[in-house]
Amino acid sequence: MNNKVHKPKAKSYQLTVGWLYPELMSTYGDRGNIIVLQKRCEWRGINVKILPINQVTNNQQLKTIDLLFGGGAQDREQEIVINDLYKKKKAIKDLIERDLPALFVCGAPQLMGKYYEPAVGKRIEGLGIFDMVSKHPGINKPRLIGNIVAETLIIPGGVKLSHPWGDINRHIRIVGFENHGGRTYLGKDAKPFAKVIKGFGNNGEDGTEGVVYKNAIGCYFHGPLLPKNPVIADYLIKTALKVKYKTKVNLELLDDSLEQKAQNAILKKLKIYNE
Amino acid sequence: MNIALTLLGKLLSFLFQSLNLGNGSTWPGHIALKINKHFIREVLSNSNIKIILIAGTNGKTTTSKLIRTGLEKSGKTVIQNQSGANLLNGIASTLISNSNINSVILSGTKNLLKQDFAIFEIDENTLPLILNEINPDYLLLLNLFRDQLDRYGEVNTIANNWKNAIEKLSQKTKLILNADDPQVAYLGLQSNVISNEVRDPQKISPHSTRRNDNILYFGLQTSQFSNNKLQHAADSGYCPKCGEKLIFNAIAFSHLGDWHCKKCGLKRPEIKSEKFSIYPLPGLYNKYNVMAAKLVLKIIGLTDEQIEDAFENFEPAFGRQEIIKYKNKNIQIFLSKNPTSFNQSYQTIQELGGSHLLLVLNDRIPDGRDISWIWDTDLSEINKFRNIVISGDRVYDMALRLKYEFEGQKPKVKSQNYTFARLSASNSKVKTYEDLNEAIDEGLKSLDENETLFILPTYSAMLEVRKILTGKKIL
């Protein structure tokens, strides 16, 4: 292990961000997550390439990915997506097993679990990356909709950040919006990503939100997630650099005062105040 | 009984207004429907009024006003529900406030409505419910875009509900559809397909054959299209019949364009090729509203000259490109309530050469509580605006959206002192104000006499802006 601390210089680092089906899975402003990842790299002189993953992407291209992102899809689009995802199952699983950072939001985590049972129609087998199942309780059952606040839980072996807000591993607050019909239940091998403070989370029952396996994060937070939660964005970037360059890279600090204001506005709206 | 309910409703309206409790526009209808849930159906069936229903995500209010203007200029009398009062109670209230009790009492007829036409704007989700109660003479479906997913749900779901509701319509309804919107056009193409497949004349239901003559399409000429690339906010890039990715030869905006499916052969229906020279409002999206209104008026029997005449001096509906003078400065409001309407407003303002923007983002029920859609908007060349002010309940979310757009145009920015740090500084061209009054004043500060401040508000923000500018509450 190289202990030298590298400061990223212009063009010295390059990350490829894989974006699952941008045309099919971009229902809730998910593009915002990609924009934030890209800009937060570029402001630090890290070059970014966005690789849209779709029906024509081959496994060789998938191997070049350093960070993987997937967003939400409408039901009909979800069907098209999953049929293509089966063909990429092994390649994607390999990436996750290699400790690659990944973020799956809204509908995407449902496809990465063991299965998803829609309100109508038959059960959809997932890729089985996360030990969890998702079920829609029926067309007449209410969707879980609203602003949501949660506190992150420890990610075993996760990288440390020097962001002034703190670290994912130090229970930082995240804010977002959720809108999902499906309820997700974690299996015994799965760890939740966060603990719900206000809102529904995975199923509105057990107070868990999202799921973590290795460096892959699944969650119901859109809004999108990353603009108001820059710590998560930096965590993913730093992890990607660590995995790719096998060295510790300190990310330069960015001015996140506007992000802080946007986050505080949600906390205030939900009557949660910083102690 | 309906006459008694109408009387009661009128009395309530009078009370609301004289006690200054607002105009209480939907209460009389609400109460009438509580007592007789088929109030609307019964009142309408006893009258000879022709009914025009208009639904779609964007353009309802402007198109209604265009049709109304055309009808009134040709001497017809028209009743219309207030924009925003587009659920059942709003329609019942419209009937109550426009009914003529005197003539009923004097002549003993059951006909409460003496007008020639009723134009009703209908909420996308409510259309199926309304069609249970109203059998329209004309049903105009404008478009389907992603809007308020927390309230309306997915575009596909709405399209499916519309399909089921339309199948139940009787022969008298003329269906007027947007040829350029795949999901909307498919509502008409579907019934074509059914009757073409059934060759045996005995098997053709009178329903499906009749429908073919009663389906009309409007759209733009491909020469009017601006793009050839599907925009990010497009919602219906896939074949509504077989699910294959659609091919677009040309695109107007979002997913409106000249489309076809390679796999199943479904394609944009033919529209009569005719040019129209009178487009009273700028913006490609308004060309659709004009073509839709024009087709309805032609079917009703107006001539081209009559229609052009009527459209020539058209005044925009409130908040839809409405121009207001305030403190001796020019302001124009472009209601921007979802990614497509925002993109179209933004693009039109750029075409008009605007350089002063005020963006107001609220997240109340009429706006949709989920504001993630702002990340689906296209803000290209935002740095060309001289002065940008942001306000609304979610002012900082909108500021963040702009922060990342500004930076997007500077690929190499030194870290730490990157330029958007100026956002909070007073010399920046982007300023944020939680208070809307202050935001408007700031927007006007650097405005020259011949310049315009362009305001892009969400729905509730638009009402707030108008209240400040005109001193009056509208809804």
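Modeller: A salt bridge here is a side-chain nitrogen of Lys or Arg lying within 4 Å of a carboxyl oxygen of Asp or Glu, and on that criterion the structure holds 37 of them over all chains. This is a predicted model, in which local features need pLDDT of at least 70 and side-chain atom pairs count only at pLDDT 80 or more, whereas totals for chains, interfaces and linings use all residues. Residues are numbered from 1 along each chain as its sequence is written, chains are lettered from A and ligands numbered from 1 in the order in which they are written, and side-chain values use heavy atoms, with hydrogens and water left out.

Biologist: What makes the pairing of Lys245(B) and Glu23(A) a salt bridge?

Modeller: The N to O distance between their side chains is 2.7 Å, and the limit is 4 Å, so the pair qualifies. Lys245(B) sits in the loop between β6 (215-218) and β7 (247-253) of chain B, while Glu23(A) sits in the loop between β2 (13-20) and α1 (31-42) of chain A, so this salt bridge joins two chains. The element names come from DSSP runs, numbered from the N terminus, with helices (H or I) of at least four residues and strands (E) of at least two.

Biologist: Why is Glu23(A) called exposed?

Modeller: Its relative accessibility is 52%, and exposed means over 50% relative accessible area, buried under 20%, and partly exposed in between, with a 1.4 Å probe and protein chains only. Lys245(B), at 40%, therefore counts as partly exposed.

Biologist: How do you know that Asp131(A) and Lys114(A) meet in a salt bridge?

Modeller: Their side chains come to 3.0 Å, N to O, which satisfies the salt-bridge limit. The pair links distant parts of the chain, 17 residues apart, with Asp131(A) in the loop between β7 (124-125) and β8 (132-135) of chain A and Lys114(A) in the loop between α5 (107-112) and β6 (115-117) of chain A. Asp131(A) is classed as buried because its relative accessibility is 17%, whereas Lys114(A), at 43%, is classed as partly exposed.

Biologist: What makes Asn179(A) buried?

Modeller: Asn179(A), which belongs to strand β10 (residues 173-180) of chain A, has a relative accessible area of 5%, so it is called buried. The side chain of Asn179(A) also makes a polar contact with that of Arg143(A) at 2.8 Å; the term requires a pair of N or O atoms within 3.5 Å, where within protein one must be able to donate a hydrogen and the other to accept it, and residues adjacent in sequence count only if both atoms are side-chain atoms.

Biologist: How do you know that Cys242(B) is in no disulfide?

Modeller: The nearest cysteine sulfur to that of Cys242(B) belongs to Cys261(B) and is 3.5 Å away, but a disulfide needs a pair of cysteine sulfur atoms within 2.5 Å, so the pair does not qualify. Cys242(B) is partly exposed, having a relative accessible area of 30%. Over all chains, the structure holds zero disulfides. Cys41(A) is likewise in none, and the nearest cysteine sulfur, that of Cys219(A), is 18 Å away. Cys41(A) is called buried because its relative accessible area is 2%.

Biologist: Why is Thr432(B) called partly exposed?

Modeller: Thr432(B), in strand β13 (residues 430-432) of chain B, has 21% relative accessibility, so it counts as partly exposed.
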